[in-house]
Amino acid sequence: MPTVTWQFGELRDQATALSMRVGQGHRDAQTKTLELLSEGLARLSPRDLLRRLSDEYGLSWSTIADLIGVSVQAVRKWRTGDAPSPERRLALARLVAFLDVLEDSSVGDPGGWLELPVMQGYAPTHFDLYKTGRADLLCDLASGRLSGSDALDEYQADWREALRLENEVFLAEDGQPSIRRIG
Amino acid sequence: MILTHPCTMRGPNGKLYPRLTVGRVAPSSQAWRLPWKGHFKVMPLPELVDGSHYELRFEETGTVPSVDLNPQKRIACLDDIGLTLLQQRHINHHTRYVVEEPLLHEASAHLLAEAELLEDWSEAALARVPEDAADWAEQLEQAASEFDAFLGPHRENLKVTAQRARVRREVRHEIARRWP
């Protein structure tokens with residue numbers, strides 16, 4: 001093998017390894033940043049945290065409940081003054097911190113973005129990735145460092161077969177969202 | 001239990017249609033635990049009352065006058081995921097076709113969002129009205145009517161996934177402005 005080809009091959013392997021290490025380092029730093037922001041936000045009252053999620057980011061109460069892992073009734077009680085457990089309060093703070101980070105990553109409407117599918121034609125939404133603890137993937141997606149298919153590769157290896165939708169939502173003749181088979 | 005889809009429950013004036021489709025809810029011999037495999041003739045309702053398991057029976061359905069449905073007698077209300085699962089099972093019962101749950105949710109998402117915002121609006125509007133006030137029902141109806149007027153120009157945007165959060169923000173800002 002010519003020397004120059006061998007040298008480029010060696011360099012390429014080193015660059016790939018370096019890219020993986022830098023990528024992991026960046027994700028670890030993002031995770032740490034989210035933790036620090038969350039700890040600061042957890043000093044706010046649950047009512048203020050909920051107000052930021054609902055009034056500032058436009059999340060529905062059912063979405064907030066689902067992302068925090070409680071019932072809608074539990075969220076309702078927090079709105080009227082009941083105190084969540086320290087773990088739930090931190091989970092609320094984490095969600096606010098995550099949406100703040102998205103906004104800083106130039107996602108114009110983080111609350112709206114969360115509801116969108118990662119890739120058209122496949123089931124998972126950004127919301128689903130957050131629910132399964134993959135805020136790291138979402139930060140990379142939002143900043144454009146990861147494509148939708150790369151994110152799904154990390155989310156679930158068999159996503160192309162397992163998560164493909166056979167149907168789609170469309171606006172029917174009466175103007176109402178309806179469901180039909182794709183194609 | 002009401003089976004009528006939310007978008008076909010009300011007429012153009014927001015009032016319930018005279019008759020709605022319902023199904024019988026009965027105690028279940030099953031102790032419902034996830035995942036609910038099979039049992040396609042029912043919608044499991046685990047621990048519905050005092051920890052006891054119930055089920056909605058798709059083979060025992062019919063219509064009832066909507067005036068007989070008293071909200072004060074409501075025992076439970078499905079959340080968004082429960083509503084989607086009910087629709088999925090109902091469709092499967094009639095057709096044996098399994099529609100993907102995320103799509104069923106997306107097709108109803110604009111109605112669920114509107115219902116939730118109406119609840120927020122009504123709560124704020126009636127926050128200072130005693131529940132035993134003689135005109136409580138009229139005030140509730142008035143609040144619903146004002147909500148309908150405000151939502152009017154934004155309602156179509158609720159059908160667009162990426163716009164839904166913006167509509168929620170606008171409605172909640174209006175609620176905060178009217179009832180600080």
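**A hairpin in chain B and the contact between chains A and B**

In this predicted model, the hairpin built from E2(B) and E3(B) has two residues between its strands, and B:Asp50 there takes a positive phi near 50 degrees. The two strands of the hairpin, E2 (residues 42–49) and E3 (residues 52–65) of chain B, run antiparallel and are paired over five bridges. One of the residues involved is B:Met43, whose bridge partner in E3(B) is B:Leu56.

Now for how the two chains meet. On the chain A side, 30 residues are in contact with 25 residues of chain B. Interface size is often quoted as the accessible area lost when the parts come together. Here, about 2,300 Å² is buried between chain A and chain B, and carbon and sulfur atoms give 50% of that area.

Charged and polar groups show up here too. Seven salt bridges are found across the interface of chain A and chain B. In one salt bridge, the side chain of A:Arg76 meets that of B:Glu119, with 2.4 Å from N to O. Looking at polar contacts, 21 residue pairs turn up across the interface, with both residues at pLDDT 80 or more.

Which parts of chain A touch chain B? At least two residues each come from helices H2 (46–56), H3 (61–68), H4 (72–79) and H6 (110–114), and from strands E1 (167–171) and E2 (177–181) of chain A. E1(A) gives the most, with four residues. Sorted by type, the residues on this side of chain A come out as 10 nonpolar, nine polar and 11 charged.

How values were computed:
Residues numbered from 1 in each chain as written. Chains lettered and ligands numbered in written order. Predicted model: local features only at pLDDT ≥ 70, side-chain atom pairs only at ≥ 80, totals over all residues. Heavy atoms only, no water. Contact = heavy atoms within 4.5 Å. Buried area = accessible area lost by both parts, 1.4 Å probe. Salt bridge = Lys/Arg side-chain N within 4 Å of Asp/Glu carboxyl O. Polar contact = N/O pair within 3.5 Å; in protein donor to acceptor, adjacent residues only side chain to side chain. Nonpolar A, V, L, I, M, F, W, Y, C, P; charged D, E, K, R; others polar. Pairing = 2+ DSSP bridges.
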